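Here are a few notes to read with the model open beside you. They go from the overall fold to the pockets and end with two backbone details.

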Amino acid sequence: MVKLIMVRHGESIANALNRYTGWSDVDLTKMGEQQAHQAAKQLQGIGIEHVHTSVLKRAIMTAYLIQDDLNINYVPITKSWRLNERHYGALRGQNKDETRVEYGVEQVRLWRRSYYTMPPKLAEPDKNVGPYKYLDPRVMPLSESLFQAYKRIIPYYVDAIAPRLLEGKNQLVVAHGSTIRALIKYLEDISDKDIDGVEVANGKPLIYELDDKLNIIKSNRIE
């Protein structure tokens, strides 16, 4: 039996301001830092052998705080853009309540929760920006639905996380709401329609116990 643990980053400044964030890089709030410490308390006693996170600092800092509290700073950590939050395109930085007024409640619900609906696109992709400057520009999104984010997230799970789980090594993923929703969809084989209702709270560890074929034996999400 092996464990896959997933934690959404602690509250960010954008969360506190009720703004779309996506690939924008924002800090944790003090509450977000506290949520990371609380997550670490819930993970005491679990032997974590590798940490995976995105290239966005709200997830990276949450991962660092958890590692520090668990005294596992020596454990390898892999940062990948494939674990980024989905790209909110031209909505990023906008207040969610204000977009409901401008575009309507149902349209905003579709942008935020549906599997296939894509937010309005950026005019052009970000270029030569930090962790993305060496990426092929063709992979840089202008906007993403959860389906499009799923297509970059799941290959990372298959290539980088699943092999370590099959070796019996517990893995910790510290990422974002949409990242974790995509992984939940894959692990639990949730339908495109039903994934709409899956919520992921900040700083609340989801722990999956898996068998030697990575089938779910037990999970604190679906108990």
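1. Let's start with the fold. The secondary structure of this chain comes to 7 helices and 6 strands. Please keep in mind that the model is predicted. If you follow the sequence from its start, the elements come in the order β-α-α-β-α-β-α-α-α-β-α-β-β.

2. Next, the overall dimensions. The radius of gyration is 17 Å, which agrees with the value near 17 Å for a compact globule of 223 residues. Along the principal axes, the C-alpha atoms fill a box of roughly 50 × 35 × 35 Å.

3. On packing and surface, 51% of the 223 residues count as buried. Taking contacts between residues at least 6 apart in sequence, 76% join residues that are at least 24 apart. The accessible surface comes to about 10800 Å², and carbon and sulfur atoms account for 49% of that area.

4. You may want to look at the largest pocket, with its volume of about 300 Å³. Its lining has 19 residues, and those closest to the pocket centre are Arg8, Glu85, Tyr88, Lys96 and Arg112. By class, the lining is made up of 9 charged, 7 polar and 3 nonpolar residues.

5. Which helices each supply at least two residues of that lining? They are helix 5 (105–113) and helix 7 (177–188). Helix 7 gives the largest share, with 3 residues.

6. The second largest pocket has a volume of about 160 Å³. Trp81 is one of its lining residues, and others include Arg138, Val139, Pro141 and Leu142. Also in this lining are Ser143, Glu144, Gln148, Lys151 and Arg152. Sorted by class, the lining holds 4 nonpolar, 4 charged and 2 polar residues.

7. Now for the backbone. Asp189 is not a glycine, yet it has a positive phi of about 55°. This residue is found in the loop between helix 7 and strand 5 (206–210). Is Asp189 buried or exposed? Its relative accessible area is 69%, so Asp189 is exposed, the cut-off for that class being over 50%.

8. Leu214 is also worth a look: it has a positive phi of about 65° although it is not a glycine. Where is Leu214 found? It lies in the loop between strand 5 and strand 6 (216–219). Leu214 counts as buried because its relative accessibility is 16%, and buried means under 20%.

Definitions and conventions
Residues are numbered from 1 along each chain as its sequence is written. This is a predicted model: local features need pLDDT of at least 70, side-chain atom pairs count only at pLDDT 80 or more; totals for chains, interfaces and linings use all residues. Side-chain values use heavy atoms; hydrogens and water are left out. On a 1 Å grid over the protein atoms alone, a cavity is a set of points where a 1.4 Å probe fits but cannot get out, and a pocket is an open set with protein on both sides within 12 Å along at least five of seven lines; lining residues have an atom within 4 Å of a point. Grid points are joined across faces, edges and corners, and a volume is the space filled by probe spheres set on the points. Helices (H or I, at least four residues) and strands (E, at least two) are DSSP runs, numbered from the N terminus. Ala, Val, Leu, Ile, Met, Phe, Trp, Tyr, Cys and Pro count as nonpolar, Asp, Glu, Lys and Arg as charged, and the others, Gly among them, as polar. The radius of gyration is taken over C-alpha atoms; the globule rule is 2.2 Å times the number of residues to the power 0.38. Buried means under 20% relative accessible area, exposed over 50%, partly exposed in between (1.4 Å probe, protein chains only). Contact means heavy atoms within 4.5 Å. Accessible areas come from the Shrake-Rupley method with a 1.4 Å probe; for residues, only the protein chains shown count as cover.
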